[in-house]
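Trainee: Can we go through this model together? I'd like to start with the pocket and then look at where the chains meet.

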Amino acid sequence: MTDIPRSGPHKVLLAFYALFTVAAGARALVQLTTQYDEAPVAYWLSLAAAVTYALGWYAIREASAGRTAFASVMLWVELAGVLTVGTLSLVEPDWFPDASVWSDFGIGYGFVPAVLPIAGLLWLRHQKRGPKPI
Amino acid sequence: MPSVSTQITFIVVGYAVLVALLALVVALRKQERPGWLDQLAWMLEALLVVRALAGLGALGDGPPSTSTYVGYLIASVCVLPIAMQSIKDDRAVWSSAVIAVAAVAVGVVAVRLEMTA
């Protein structure tokens, strides 16, 4: 892994993804273990979000070194996840007696979950065009 | 009169906002990351350690501890060192933005600490 460029916007993306992996993962684990019956679907979706962020972190790391294939899939998966869960939480509120990380498109996190995959995809497009570090 | 840990939290949040804003200004002016920004970030970390110790001290005589509260305490002191490690050899423009993100994150964690205390 010596060919990872030292600087660039991906450093900020990686910081966000690491942060959200921990935030979503810790939240999901606490809620799944202490109050499982309140909203199991929402809590499992939070755990899925955490796994998505962990995979996204790895995908962006790889893409920053020029291996963009995984990120091209993973960031779209993440965007689809946010949009699906966000829409479902508004259309079918009964399924979400308690909030999930992606409820209302990530309103509990200042909508950062909705912005992250879009920012990631924009960066990826730039990265594919010219893999030079900035 | 709010408790000691609450007062420290006010200082932490205010200082975190200051660090985040300064880091953002440095990044937007496309400057290399100056040494003083690192020092400000480590000062913030020192404040967070003080806040965490105050929080741990209050666990004994306060309301029953929740796993959430302890989780936030641990997270509050871990975020900045990990962020600083990730930009250790990188003083380019974007490294300041990483500090801004980390500072906002610990600010939010500090606010959540008060809400779960």
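Mentor: We take the pocket, then the contact between the chains. This is a predicted model, where local features need pLDDT of at least 70, side-chain atom pairs count only at pLDDT 80 or more, and totals for chains, interfaces and linings use all residues. Residues are numbered from 1 along each chain as its sequence is written, chains are lettered from A in the order in which they are written, and side-chain values use heavy atoms, with hydrogens and water left out.

Trainee: OK, what volume does the largest pocket have?

Mentor: About 1,600 Å³. A pocket is an open set of points on a 1 Å grid where a 1.4 Å probe fits, with protein on both sides within 12 Å along at least five of seven lines; lining residues have an atom within 4 Å of a point. The volume is the space filled by probe spheres set on the points, which are joined across faces, edges and corners.

Trainee: And which residues are closest to its centre?

Mentor: Of the 50 lining residues, those are A:A18, A:L19, A:F20, A:V22 and A:A23.

Trainee: Which element gives the largest share of the lining?

Mentor: α1(A), with 15 residues. Helices here are DSSP runs (H or I, at least four residues) numbered from the N terminus.

Trainee: What about the lining by class?

Mentor: The lining has 32 nonpolar, 10 polar and eight charged residues. Asp, Glu, Lys and Arg count as charged; Ala, Val, Leu, Ile, Met, Phe, Trp, Tyr, Cys and Pro as nonpolar; the others, Gly among them, as polar.

Trainee: New topic. How many residues does each chain bring to the contact?

Mentor: Chain A brings 12 residues and chain B 13, where contact means heavy atoms within 4.5 Å.

Trainee: How many salt bridges are there between chain A and chain B?

Mentor: One. A salt bridge is a side-chain nitrogen of Lys or Arg within 4 Å of a carboxyl oxygen of Asp or Glu. B:D90 pairs with A:K11, their closest N and O atoms being 3.3 Å apart.

Trainee: And over all chains?

Mentor: The structure holds five salt bridges over all chains. B:D90 lies in the loop between α3 and α4 of chain B and A:K11 in helix α1 of chain A, so this pair joins two chains.
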